[in-house]
Amino acid sequence: MAETITLSVARYRPEEEAEPTVQTYEVPYRKDWVVLDALNYIKDQLDGSLSFRWSCRMGVCGSCGMTVNGEPKLTCAVFLSDYLPGPIRVEPLQYFPIVRDLVVDISDFLEKLQKVKPWIILKEEKPLSEGEYRQTPDQLDTYKQFSMCINCMLCYAACPIYGLEPGFVGPAAIALAQRYNLDSRDMGAQERLDILSQKGGIWDCTFVGECTKVCPENVDPAGAIQQYKLAGAAHWFKSLLLPWGAK
Amino acid sequence: MSSDVHYTLHHPKWYRRRVSVWWWLQKRSYAQFVLRELTSVFVAFFAVVSLWQLHALGEGPEAYAHFMARLKSPLFLALHGVTFLFVLFHSITWFNLAPTAIVVRLRGKRVPDFVIAGMNYLVWLVASAAVAWLLLRG
Ligand code: SF4
Ligand code: FES
């Protein structure tokens, strides 16, 4: 007997409907299928009009993030068997505008990511003859965790502050800023702090902590933001006490 | 393709969802967060009462006795009971979160979370014991 499981999938077809609706599909239940496999089954066998994003199907590209039973998840990383007996509710990521079905518009995140300058900033480049920029394993270790981000935006979808305050730069972008601040080769911490001390920056975060819980890569964006706040406050104190010393 | 279907080229018709004012009831952890934020009101209440107490102390023994008598009224006792619970919740949740914010590296290794949280609890215990000793010794 072929077992099946029900998926309730959010649909939004802007040329036909003014707001999202729900469509249910019956798909075969397989122990080794992830939710993304079920969506692909729907697309191939039942309804070719269903739209969603994915690419690597192995938790690397970060494009298959959706809301599964109310929680932001990588759909290639959660199994149908995690949600027995169903039905499984699949919706687009929270807070982002919906373009179509399960596809959301991510341009806001991309803009914010760029704003925090997530690259190594050097005051001046060394001449090539001086060789490479070296780093010890311990130095690598200080920022490695924050560099594991795959830009899946699950943390944004989990953050009520981002929902309420769309100007908030958000968890992943701040974690990535911190990743470069902690890099022994980087000299851009001050530039980034200037940007992130403004409205929408680190102080908008009230430490709900959900971003860290949903992150599939254990990046701990909440930790990054709190550590950033501590560093920012320390810097501010220093400039208050030694106005000429702190730069 | 039927003629009433038209695509807005280069400009999708996004659907924007609104955040409900009840968002914090949607998840247990959100509710817990809001509760934790709320505890700050009670922390402030404790601080104000303590300042008031200091003020009464400065006004002389009679004013102080009057103040202490007022604290013993059922209203204040009940208020203090509730406040105590909230402040306890406040302290415990923040102590548990402390390791996330405080990263200490010893010889290149990150000090484990339970040590950082444990230190907070230890300081709390010592401070409470010291206060209790001060108040109860006489
Ligand atoms: S911090 Fe984690 S949840 Fe957020 S975008 Fe990066 S990988 Fe995804
Ligand atoms: S498809 Fe690439 S992360 Fe899921």
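In the predicted model, strand 3 and strand 5 (residues 88–91) of chain A run antiparallel and are joined by two bridges. The bridge partner of Val68(A) in strand 5 of chain A is Val90(A). Strand 3 of chain A is also joined to strand 4 (residues 71–74) of chain A, in this case by four bridges, and this pair likewise runs antiparallel. Within strand 4 of chain A, the residue opposite Val68(A) is Glu71(A). Val68(A) is thus placed against Val90(A) in strand 5 of chain A and against Glu71(A) in strand 4 of chain A.

Strands 3 and 4 of chain A form a hairpin with two residues between the strands, and in this hairpin Asn69(A) adopts a positive phi near 45°. Strand 3 of chain A, which spans residues 65–68, is covered on both faces. Gly65(A) and Thr67(A) lie on one side, Met66(A) and Val68(A) lie on the other, and all of these residues are buried.

Glu71(A), the residue opposite Val68(A), also takes part in the interface with chain B, where Lys27(B) forms a salt bridge with Glu71(A). The closest N and O atoms of this salt bridge are 3.6 Å apart. In total, two salt bridges are counted between chain B and chain A, and twelve residue pairs, both members at pLDDT 80 or more, are in polar contact across the interface. On the side of chain B that touches chain A, the elements that give two or more residues are helix 1 (28–58) and helix 3 (74–101) of chain B. Helix 1 of chain B provides the largest share of that side, five residues. Classified by residue type, the side of chain B that touches chain A comprises 14 nonpolar, four polar and eight charged residues.

Overall, 26 residues of chain B contact 37 residues of chain A. The two chains bury about 2600 Å² between them, and 56% of this area is on carbon and sulfur atoms.

Lys27(B) also meets a second glutamate of chain A: the side chains of Lys27(B) and Glu210(A) make a polar contact at 3.1 Å. Glu210(A) is located in helix 8 (residues 210–214) of chain A. Glu210(A) counts as buried because its relative accessibility is 4%, below the 20% limit. When neighbours within four places in sequence are left aside, the residues in contact with Glu210(A) are Ala158(A), Lys27(B), Ser29(B) and Tyr30(B). Lys27(B) is therefore linked to Glu210(A) by a polar contact and to Glu71(A) by a salt bridge.

Methods
Residues are numbered from 1 along each chain as its sequence is written. Chains are lettered from A and ligands numbered from 1 in the order in which they are written. This is a predicted model: local features need pLDDT of at least 70, side-chain atom pairs count only at pLDDT 80 or more; totals for chains, interfaces and linings use all residues. Side-chain values use heavy atoms; hydrogens and water are left out. Buried means under 20% relative accessible area, exposed over 50%, partly exposed in between (1.4 Å probe, protein chains only). Two strands pair if DSSP finds at least two bridges between them. Contact means heavy atoms within 4.5 Å. Buried area is the accessible area (1.4 Å probe) that two parts lose on being put together, summed over both. A salt bridge is a side-chain nitrogen of Lys or Arg within 4 Å of a carboxyl oxygen of Asp or Glu. A polar contact is a pair of N or O atoms within 3.5 Å; within protein, one must be able to donate a hydrogen and the other to accept it, and residues adjacent in sequence count only if both atoms are side-chain atoms. Ala, Val, Leu, Ile, Met, Phe, Trp, Tyr, Cys and Pro count as nonpolar, Asp, Glu, Lys and Arg as charged, and the others, Gly among them, as polar.
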